[in-house]
Amino acid sequence: MTKVLYHNDVQEEVLQSKKIAVIGYGSQGHAHALNLKESGFDVVVGLRPGKSWDKAVEDGVQVVSVADATAQADVVMVLLPDELQPKVYEESIKPNLQPGNALAFAHGFNIHFNQIVPPDNVDVFLVAPKGPGHLVRRTFEEGAGVPALYGIYQDCSGEAKQLALAYAKGVGAGRAGILETSFQEETETDLFGEQAVLCGGLTSLVKAGFETLTEAGYQPEVAYFECLHELKLIVDLMYEGGLEGMRYSISDTAQWGDFVSGPRVVNEETKARMKEVLTDIQTGVFAKGWILENQANRPQFNAVNQKESTHPIEKVGRELRELMPFVKKQVNSKKEVVSN
Ligand code: NDP
Ligand code: MG
Ligand code: MG
């Protein structure tokens, strides 16, 4: 089994003498900045004036411009949206990086696909929590953590690995498990997971189930509960006990249906499509498309987003959730529900 490191396996001295700039204060940024600060590290947040800036000030964190934060810091963690990172890096981070500094990321996309090319004289590492930022924060406050991957792209100082591990411990990942990866593996598996299973695979499965039931004349409300709402209850069981834990809790009828019908829906043909998706990720075809889409101002992204919002499952879902305030309350952040 791959070696998993925990809190007591990691020495944090190497990071104690350093100043950490957290660039961005969104989903990941606020969690990293607050957790690191409460772990005893010296943190400054780099931002532009705006909503996040005001929130960081409200939270009692020191906030300055991205350029100033970079100039002050020894370790610069870039937690801006991936598609904006190259521009901000060129304009405000790169000119203020000192030799011997460390440049860090929570996702490998821009380094792996060469959208950011760091100088040779800095360390470059990755600490990627495997969970939404709001959970990285919430679990930390509860005394737990979200597992994280770490990886080294460039070790100039000879201590990049110790730095990455100390950083991961500082955000609370030591309580859940810290695993070694590479920028390539993290980038490709993260993209594949969200496309084929977590986000893309799941939304398509849910919609297909809902459409099948409603096209057969069943009530949309019933179809919504059956194909979307109940999903969380099933996923919670899988999260706690794997597939077998979930199967232990469901009825034998449900389990039999799982065995005989699941493979009729998701089968070798589906897997062949998944392999195509993976190939597009590995060859850079997906990355190129997403970079060009952003350069063109997201015409397709916006069109599909608009069309998806009019799907009948969304209409009935909005109505039903209005009547379940306890559900709505948890969805306090778009990031918390859609991003990983
Ligand atoms: P968010 O979109 O939540 O936050 C982005 C932050 O960047 C905001 O604080 C925003 O501030 C700030 N920002 C945007 N543009 C600029 C700019 N030009 N100058 C200064 N600040 C700016 O990002 P995420 O936390 O989702 O993602 C950050 C990184 O973490 C990405 O690499 C992502 O892949 C990775 N990641 C994200 C996960 C998640 O849970 N969302 C999970 C694991 C990794 P403002 O309010 O001013 O717009
Ligand atoms: Mg991702
Ligand atoms: Mg049932």
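Let's start with Ala-287, which counts as buried because 20 C-beta neighbours sit inside 10 Å; the cut-offs are 20 or more other C-beta atoms within 10 Å for buried, 12 or fewer for exposed, and partly exposed in between, with C-beta atoms placed from the backbone. Ala-287 belongs to helix 14, residues 285–295. By the way, helices here are DSSP runs of H or I with at least four residues, strands are runs of E with at least two, and both are numbered from the N terminus. From Ala-287 to Gln-62 you go 225 residues in sequence and 34 Å in space, C-alpha to C-alpha.

Before I go on: this is a predicted model, so to speak of local features we need pLDDT of at least 70, side-chain atom pairs count only at pLDDT 80 or more, and totals for chains, interfaces and linings use all residues. Residues are numbered from 1 along each chain as its sequence is written, while chains are lettered from A and ligands numbered from 1 in the order in which they are written.

Now, Ser-251. UniProt, in an unreviewed entry, puts a "binding site" feature there; its positions are given in the numbering used here, feature names are shortened, and annotations may be inferred rather than shown by experiment. Buried or exposed, this Ser-251? Exposed, because just 8 other C-beta atoms lie within 10 Å. Ser-251 is in the loop between helix 11 (220–249) and helix 12 (252–265).

UniProt also lists residues 182–327 as "domain: KARI C-terminal knotted", again from an unreviewed entry. That stretch is 86% helix and 0% strand, with its end C-alpha atoms 37 Å apart.

On to the sheet. Nine strands make an open, mixed sheet, ordered 1-9-8-7-6-5-2-3-4; two strands pair if DSSP finds at least two bridges between them. At the edges are strand 1 (4–5) and strand 4 (63–65), each pairing on one side only. Strand 7 (123–129) and strand 8 (148–154) run antiparallel, with six bridges, and Phe-125 has Ile-152 of strand 8 as its bridge partner.

Last, ligand 1. Which residues come nearest? Of the 27 around the ligand, they are Gly-24, Gly-26, Gln-28, Ser-52 and His-107; near means a C-beta atom, placed from the backbone, within 6 Å. Helix 2 (27–38), helix 3 and strand 7 each give two or more residues to the shell, and helix 2 has the largest share, three.
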